[in-house]
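I opened this notebook page to record what I looked up, one item at a time. The entries below keep to what could be read from the coordinates.

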Amino acid sequence: MKRVVELAAGIWEFVAGDDWVTAAGVILALGLTALISEDGSAWFVMPTAVALLLGFSVWQEARKRDPG
Amino acid sequence: MSGQALGLAVSVFLACAVEAIEALTIVLAVGVTRGWRSALSGCAGAIVVLGAATAIVGPGLTSLPIDSLRLVVGGLLLVFGLQWLRKAILRATGLIPRHDEAEIYREEVSAARAAGALHAGFDGYAFTIAFKGVLLEGLEVVFIALTFGANQHRLGLAAAATLTAILLVALVGIAVRAPLARVPENAMKFSVGVMLTSFGIFWGGEGAGASWPGGDAALLAIVPAVLLLSLGLVRLFRTGAAEVPGATVVEA
């Protein structure tokens with residue numbers, strides 16, 4: 001069991017890296033697209049989500065490293 | 001060659017070249033310091049493991065239904081691409097240090113020298129460091145090549161782009177016998193991040209059920225939009241030690 005947990009943690013670390021918020025945001029955005037895309041018109045969700053996630057991620061890192 | 005196939009070839013080639021340069025630095029450092037036989041054995045061992053991983057995961061991916069494949073591949077490319085892009089943006093702004101192959105080479109050489117006396121024959125240190133270096137850098141390449149290739153059913157093209165990049169880096173490495181410190185590595189990483197993120201948005205959206213206005217041509221808007229957003233973030237967060245990606249040759 002311990003090995004399975006370690007393997008899962010390793011895969012998550014490999015895919016999500018040190019920014020789990022962005023990874024979780026991508027999953028949520030895909031879920032939202034699937035939820036509201038009955039007529040296919042939900043194309044705007046992913047670009048909007050990516051702009052927000054990338055901007056937030058860079059801003060957060062910038063604030064951490066350069067609080068002034 | 002279609003636009004998507006060209007995007008695949010360029011993205012996989014650049015991603016692979018970046019990772020191959022990083023792996024080359026490690027193999028060179030242990031090879032020069034501890035001996036080539038064990039370093040190259042470690043390198044070969046890692047290539048065998050990567051080949052096996054490709055042979056196991058590749059057919060499984062290509063057998064998925066197209067919508068599921070696009071959802072999974074799009075999501076993974078997005079998560080991965082955003083990581084590359086974020087790191088490249090932070091380096092370009094000067095918020096984190098640039099990837100310095102020459103410095104990494106010096107660190108690897110001093111670590112190899114400090115690792116104990118050399119014995120005749122097999123050197124476990126050189127083997128392990130070369131094996132780990134090539135395996136870890138190679139996993140990212142395998143992941144990118146497989147996801148891109150499987151989604152377009154062009155694994156052959158992805159494999160050709162991968163092998164071309166590895167051969168090119170290996171040949172240049174053999175010729176110069178030094179880490180490739182003058183390659184614009186951050187600009188390459190920036191470009192790959194833009195491509196992975198753009199294709200991730202496109203395929204992930206399609207896989208989740210969205211229809212893009214203009215069909216495949218939507219990519220012609222998504223790629224420049226992601227590029228502009230990224231350059232805008234670089235400009236917004238730029239510090240004194242910053243460099244604009246692609247504007248100068250970054251000594252990576």
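The entries that follow concern one helix and one contact between chains in a predicted model.

Entry 1, helix length. I looked up helix H4 of chain B, which covers residues 101-114. At 1.5 Å a residue, its 14 residues should span 20 Å, and I found the end C-alpha atoms 20 Å apart, so the expected and computed spans agree.

Entry 2, burial along H4(B). Which residues of H4(B) are buried? I noted B:Glu101, B:Tyr105, B:Glu108 and B:Ala112. Viewed down the axis of H4(B), the buried residues fall within an arc of 65°, and therefore they line one face of the helix. On the other side of H4(B), I recorded B:Ser110, B:Arg113 and B:Ala114 as exposed.

Entry 3, packing partners. I then asked what the buried residues of H4(B) pack against. The partners are two helices of chain B, namely H1 (3-34) and H5 (124-151).

Entry 4, after the helix. Just after H4(B), I found B:Gly116 with a positive phi of about 110°.

Entry 5, contact between chains A and B. I recorded 30 residues from chain B and 29 residues from chain A in this contact. On the chain B side, helix H3 (66-93), helix H7 (185-207) and helix H8 (219-237) each supply at least two residues. H3(B) gives the most to that side, with 12 residues.

Entry 6, composition of that side. How do the residues of the side of chain B that touches chain A divide? I noted 21 nonpolar, 8 polar and 1 charged.

Note on methods: Residues are numbered from 1 along each chain as its sequence is written. Chains are lettered from A and ligands numbered from 1 in the order in which they are written. This is a predicted model: local features need pLDDT of at least 70, side-chain atom pairs count only at pLDDT 80 or more; totals for chains, interfaces and linings use all residues. The expected span of a helix is 1.5 Å times one less than its number of residues. A residue is buried if 20 or more other C-beta atoms lie within 10 Å of its own, exposed if 12 or fewer, and partly exposed in between; C-beta atoms are placed from the backbone. The arc is that of the directions from the helix axis to the C-beta atoms. Two residues are in contact if their C-beta atoms, placed from the backbone, lie within 7 Å. Ala, Val, Leu, Ile, Met, Phe, Trp, Tyr, Cys and Pro count as nonpolar, Asp, Glu, Lys and Arg as charged, and the others, Gly among them, as polar.
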